[in-house]
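The exercises below are to be worked with the sequence and the coordinates at hand. Each gives a task and then a solution in steps.

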Amino acid sequence: MKLLSTSVRASEGIAVGRAFVVRRTKSSINREKGSAESEKSLFATALAASREQIAHLAENSDIFAAHLEIIDDEMIVDSVETAINEGCSAEDAVSSSCEQIVSMFEAMDDEYLAARAADVKDIFARISQNLAGGVINPFEGVENGDIVVDRELFPSDMALLDFSKIRGFVTAEGSTTSHVCIMARNLSLPAVVGLGDASAEITTGDRLIIDGAEGLVIVNPDEYTLNDYLTRGLNYQALKQEQQAVANCEIFDGDRRVYVFANAGSVEDVERAIASGADGIGLFRSEFVYMQSSQEPTEDKQYEIYAAAARACNGKPLIIRTLDIGGDKAVPYLDFPKEENPFLGWRAIRISLDRVDMFCRQLRAILRASTDGDVRVMFPMVVCVDELRDAKYYLEQCKRELEQGGVAFNPNIKVGVMIETPASVFIADSLAAECDFFSIGTNDLIQYIMAADRANVKVSKLYNPYSDAVLRAVQSVILAAQNANIECGMCGELASDNLATERLLTMGLDEFSVNVGSIAKIKYELNKLTTK
Amino acid sequence: MVTETVVLTAPNGMHARPAGELVKLAKSLDGKVTLATSVKSVSASSMLGVLSLGIKSGTQITVTAEGGSEQANLRAIVDVIANIKD
């Protein structure tokens, strides 16, 4: 029995099966090299065949539609023909051009561009195979119930593989965002990627256990381990099925609708959340828009992203939290002073109210996106009513500017306060009188209430969501919201904890904003509690 | 052959979408256009080529048009690069 593990989280689930290790043998035809002209014409034929195959695959795949663009790129033809002119055979010219172009992309420090290397490799592999007489199926010999093991899996492989036969994937290369992971998650197949050279320890015929959530591969397990995982696998599947069955349902506690929203850090997260049954987005962390570039994103750029997120919500609510940086998150274009106590320092709404121009660019972008869906705005780290009033003052000012410029927006956009400081708990009634909703951010609230940093192992046991002080704070915030007749949600990790669901529901929480992966779990829990 | 130098000011550099638009335009022109940075020179009609320049914000790009209506082609490409805003 051997244990292999990786820290990359690819696609969760447990599978037991026979390993099928893919062999990438290069097929070749023994032939005499012809003149440059005849080598070029062999290449042209293989290129045309490849283009035709890809065009066929592109009919229902965005990935292959992109390949179709790339295969017609003049750089490919130029570089292969140059190599042929220099005396290479068509086959050698294709492989040397491939190496050259791939290394060019792999060297880039941009994740998106570096990932194009995989597309280029895939396209060149197809051209090589067509030169050798046709596309080879590397999955010849895959049996029902196999787990496919390979160095790297490409989009073309996905088109050749019969997914109904296989139970999972293991690859040496790849990251959470590789094609193979996205595909595996969409198909709910467990996958372990990024194992590195450890994957060479697996041979076809080995019995494998893979645990995608843990990034674990067990090769040739003993009987005890095998039985243990077979049971775990069955339990996992049964529970998943029960959870999935209720993922899209609407939850009512008596007459009161209870929402399960999701937290999102990108437009892709929003898409995944809505596809997974979320009733809306309870926390759209706008920080990522700011942190991915070296300069402040323009109003237009922000608008594009917020509008795309709003459209991805399909009419369901999208709560955009204004910039929450400082504390442990910094951006290069804001001059952050070195602080003794960053968590008690210049962060979130405090920065926004100091950098009004920047704040207004964000508010205008959010307002413009409010015509693309049910967009709401939420202010983080509020500690007094004046901060809320100031923020709302700038929001009104931005509305007037847009109105004067003839730009459309929703004048009744809902405004919320994130309750994450003890101060905001004490004045919840006053805040509730001047806003439309609350969302309790438990992660910061717990650490401020308990005065304990959860990353500090010496005190992390004090960071306890179930301590009396925290639970009383949550209850009093919910009551303040109910008295003012506004909705109260929760977007901290406590909302994703199914052990807390019953308690929060009883307290009167209206909306649970959870991690995308916990939507079905919390819906299942709420459904159980409200229908019994 | 005509040449002009332009600086890309877009904060995100030459990413996929503007590169796609630039390539589409270059393909529609009646002459050849090349883009060069201090590192290398590529055809403006090649998506792989344009992306491979890895142009970041603030990079100086030398645009060269050859053949066809050179001046107009040069103008068109330089304008597109100067107007990339995101």
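**Exercise 1.** Determine how many salt bridges the rule finds across the interface of chain B and chain A, and then describe which residues make up the side of chain B.

*Solution.* In this predicted model, a salt bridge requires a side-chain nitrogen of Lys or Arg within 4 Å of a carboxyl oxygen of Asp or Glu, and the rule finds 0 such bridges between chain B and chain A. The side of chain B that touches chain A nevertheless includes 3 charged residues, alongside 6 nonpolar and 8 polar ones. Turning to polar contacts, the count between the two chains is 4 residue pairs, with both residues at pLDDT 80 or more. Helix H2 (residues 47-52) of chain B gives the largest share of this side, namely 5 residues.

**Exercise 2.** State what area is buried between chain B and chain A, and which three residues of chain B supply the most of its part.

*Solution.* The contact joins 17 residues of chain B to 17 residues of chain A. The buried area comes to about 1,400 Å², with carbon and sulfur atoms giving 60% of it. Of the area that chain B buries against chain A, Pro11(B), Leu48(B) and Leu51(B) supply 38%, more than any other three residues.

**Exercise 3.** Classify the aromatic pair of Phe284(A) and Tyr306(A), and locate both residues in chain A.

*Solution.* Over all chains the structure holds 7 aromatic pairs. For Phe284(A) and Tyr306(A), the ring centres are 6.4 Å apart and the planes stand at 85 degrees, an edge-to-face arrangement, since planes over 60 degrees apart count as edge-to-face. Phe284(A) belongs to strand S10 (residues 281-285) and Tyr306(A) to helix H11 (residues 299-312), so that the pair links parts of chain A 22 residues apart.

Note on methods
Residues are numbered from 1 along each chain as its sequence is written. Chains are lettered from A and ligands numbered from 1 in the order in which they are written. This is a predicted model: local features need pLDDT of at least 70, side-chain atom pairs count only at pLDDT 80 or more; totals for chains, interfaces and linings use all residues. Side-chain values use heavy atoms; hydrogens and water are left out. Contact means heavy atoms within 4.5 Å. Buried area is the accessible area (1.4 Å probe) that two parts lose on being put together, summed over both. A polar contact is a pair of N or O atoms within 3.5 Å; within protein, one must be able to donate a hydrogen and the other to accept it, and residues adjacent in sequence count only if both atoms are side-chain atoms. Helices (H or I, at least four residues) and strands (E, at least two) are DSSP runs, numbered from the N terminus. Ala, Val, Leu, Ile, Met, Phe, Trp, Tyr, Cys and Pro count as nonpolar, Asp, Glu, Lys and Arg as charged, and the others, Gly among them, as polar. Rings of Phe, Tyr and Trp (its six-membered ring) pair if their centres lie within 6.5 Å; planes under 30 degrees apart count as stacked, over 60 as edge-to-face and the rest as tilted.
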